[in-house]
Amino acid sequence: MGGAAEASQGARIVLLGPPGAGKGTQAQHLAERLGVPAISTGDMLRAAVAAGSGLGRRVDSVMASGALVDDSLMAEVVRERVAQPDTIRGYLLDGYPRTLSQAETLAGILDDAGQALDAVLFVDVPEDELVRRALLRGRGDDKEEVIRERLRVYREKTEPLIGYYRERGLLREIDGNRPVEDVTSRMFASLGVAG
Ligand code: B4P
């Protein structure tokens, strides 16, 4: 990446992968190293549900079913979040984009700001391991039938983003079926930053 993701210069990075691949786990390590905020749309939506806000009331049942929240609502949420002052040196997006329409929205947001993505890290993990991890995690939406539905939706709506970002020369593939620290070091290596 020719130092584009070096902490001194900031970075704009997307974490892509199936539900339970460990995006949230890795986002914390990466964001700290790169000196940019980790923006998890899943965490933002869960916080809205917990707070009982208007947004939370609109997304609660959608999330509980394993479906995706509407693209235009997510566009509002993300546009507002990446305009906050803490993103001046970039950000790490965890869980956005999740559809081709969301990828186009993000491209528009970046374009409007005269910015570009540095890399898309695609974390892959076999399906049985994803289900095992989610059942261990035991979040409210981690019931087996909901996990299977999230995986179905992932294959239908999110997997096409792999090709989308590969065509744009941004995709870096990371084996997520390894110990957490190994995954982190592989991500650092693919971004050309020292751990
Ligand atoms: P998210 O919050 O994004 O949830 P996730 O994809 O299930 O989790 P993640 O991949 O971050 O895994 P984690 O680190 O926790 O989304 C939840 C819901 O929000 C969606 O279903 C959707 O409804 C909605 N939503 C969010 N963004 C949206 C968008 N853009 N558009 C529309 N709707 C949206 O790791 C999982 C578990 O594995 C953890 O328990 C962890 O300890 C373990 N683990 C991690 N790495 C490991 C490793 N290397 N080895 C072993 N275990 C590991």
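I count Ala, Val, Leu, Ile, Met, Phe, Trp, Tyr, Cys and Pro as nonpolar, Asp, Glu, Lys and Arg as charged, and the others, Gly among them, as polar. With that settled, I sorted the shell around the ligand into twelve nonpolar, nine polar and eight charged residues. A reminder to myself: this is a predicted model.

**Entry: the ligand's neighbours**

I started with who sits around the ligand. There are 29 residues, and Thr25, Thr41, Ala67, Arg137 and Arg178 come nearest. Next I asked which helix gives the largest share of this shell. It is α2, with four residues. I also noted that α1 (23-34), α2 (41-51) and α6 (127-137) each bring at least two residues to the shell.

**Entry: polar contacts to the ligand**

I looked up three contacts, one by one. Arg46 reaches in with its side chain, and a polar atom there lies 2.8 Å from a ligand oxygen. For Ala21 the backbone does the work: one of its polar backbone atoms is 3.3 Å from an oxygen atom of the ligand. Gly95 also uses a polar backbone atom, this time 2.8 Å from a nitrogen atom of the ligand. Then I checked how much of the ligand is covered: of the 1000 Å² of accessible area that the ligand has on its own, the protein covers 87%.

**Entry: the largest pocket**

Where does the ligand sit among the pockets? I found that the space it takes is the largest pocket. I wrote down a volume of about 860 Å³ for this pocket. Its lining runs to 47 residues, and Pro19, Gly20, Lys23, Arg98 and Arg139 lie nearest the centre. Here the largest share comes from α1, which gives six residues. At least two lining residues come from each of β1 (11-16), α1, α2, α6, α7 (144-158) and α9 (180-191). By residue class, I get 21 nonpolar, 15 polar and eleven charged in this lining.

**Entry: the second largest pocket**

I moved on to the runner-up, with a volume of about 160 Å³. How do the residues lining it divide by class? I got nine nonpolar, one polar and two charged. Among the lining residues are Leu106, Leu110, Leu117, Tyr164, Tyr165 and Leu170. Asp111, Gln115 and Arg168 are on the list too. Two helices, α5 (100-112) and α8 (160-167), each supply at least two of the lining residues. I noted α5 as the one that gives the most, with five residues.

**Entry: a cis peptide bond**

Last, I went through the backbone. Most peptide bonds are trans. Which form does the bond from Tyr96 to Pro97 take, cis or trans? I found it cis, with omega near 0°. As for its place in the fold, Pro97 is in the loop that links β3 (90-94) and α5. I put this beside my earlier note on Gly95, whose backbone makes a polar contact with a nitrogen atom of the ligand.

Definitions and conventions: Residues are numbered from 1 along each chain as its sequence is written. This is a predicted model: local features need pLDDT of at least 70, side-chain atom pairs count only at pLDDT 80 or more; totals for chains, interfaces and linings use all residues. Side-chain values use heavy atoms; hydrogens and water are left out. A residue is near a molecule or strand if one of its heavy atoms lies within 4 Å of it. A polar contact is a pair of N or O atoms within 3.5 Å; within protein, one must be able to donate a hydrogen and the other to accept it, and residues adjacent in sequence count only if both atoms are side-chain atoms. Accessible areas come from the Shrake-Rupley method with a 1.4 Å probe; for residues, only the protein chains shown count as cover. On a 1 Å grid over the protein atoms alone, a cavity is a set of points where a 1.4 Å probe fits but cannot get out, and a pocket is an open set with protein on both sides within 12 Å along at least five of seven lines; lining residues have an atom within 4 Å of a point. A molecule sits in a cavity or pocket if more than half of its atoms lie within 2 Å of its grid points. Grid points are joined across faces, edges and corners, and a volume is the space filled by probe spheres set on the points.
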